[in-house]
Amino acid sequence: MIMLILSIILALSTMQIVTTSLNLDTIKSKITADAETDPVDSWFDAADDPAIWVHPTNPSKSRIIGTDKKWGLFVYNLNGEEVGAYNVGKINNVDVRYGFPLGDKKVDIVGGSSRDDNTIVLYSITGYGQL
């Protein structure tokens with residue numbers, strides 16, 4: 001045990017910490033979006049918490065699921081085009097799970113917290129990326 005502790009101390013003592021000064025303006029100028037969704041209709045900080053569902057056999061058919069915290073869920077293709085809108089209430093913190101057991105089959109699901117009634121909402125995702 002003492003040898004293990006001594007080995008760890010020796011390894012840590014030989015490590016060098018490297019720090020880099022980053023210029024935020026330089027980073028911002030180099031990061032660009034290939035696509036962007038339209039803003040949601042709700043005001044202030046409503047668009048939030050996107051999750052990405054990856055199509056099991058064709059990644060180009062994957063979907064972005066985002067919340068409008070004052071209205072519901074939106075589904076977008078990878079070009080940022082809206083392909084679904086669901087007025088299901090004040091949904092927040094959306095996420096995707098793959099292979100969820102539902103009855104005798106496994107499905108991909110989207111889950112989110114409902115601020116309307118403090119519950120969790122779940123939707124299955126079709127092979128076409130619809131809820």
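Student: Which residue in E7 stands opposite Gly112?
Tutor: This is a predicted model, in which local features need pLDDT of at least 70 and side-chain atom pairs count only at pLDDT 80 or more, while totals for chains, interfaces and linings use all residues. Residues are numbered from 1 along each chain as its sequence is written, and side-chain values use heavy atoms, leaving out hydrogens and water. E6 (residues 105-114) and E7 run antiparallel, joined by seven bridges; strands are DSSP runs of E with at least two residues, numbered from the N terminus. Opposite Gly112, in E7, stands Val121.

Student: Which strands stand at the edges of the sheet?
Tutor: The sheet is open and has three strands in the order E5-E6-E7, with antiparallel pairing; two strands pair if DSSP finds at least two bridges between them. Each edge strand has a single partner, so one of its sides is left without a neighbour in the sheet. The edge strands are E5 (91-102) and E7 (119-125).

Student: How many residues lie between E5 and E6 in their hairpin?
Tutor: E5 and E6 run antiparallel, with eight bridges joining them. One of the pairs is Asp95 with its bridge partner in E6, Gly111. In the turn of the hairpin, Gly103 has a positive phi of about 65°. The number of residues between the two strands is two.

Student: Is Asn93 buried, partly exposed or exposed, and what is its relative accessible area?
Tutor: Asn93 belongs to strand E5, and its phi is positive, about 55°, although Asn93 is not a glycine. Buried means under 20% relative accessible area and exposed means over 50%, with partly exposed in between (1.4 Å probe, protein chains only). Asn93 therefore counts as partly exposed, at 47%.

Student: What about Asn118: what is its relative accessibility?
Tutor: You will find Asn118 in the loop between E6 and E7. Its phi is positive too, near 55°, in a residue other than glycine. Asn118 counts as exposed, with a relative accessibility of 73%.

Student: Which element gives the most residues to the largest nonpolar core?
Tutor: A nonpolar core is a set of buried Ala, Val, Leu, Ile, Met, Phe, Trp, Tyr and Cys residues joined through side-chain atoms within 4.5 Å. The largest one has 12 residues, among them Trp53, Leu73, Tyr86, Val110 and Val121. Two or more residues come from each of E1, strand E3 (72-76), E5 and E7. With three residues, the element that gives the most is E5.

Terms used
Helix = DSSP H or I, 4+ residues; strand = E, 2+ residues; numbered from the N terminus.
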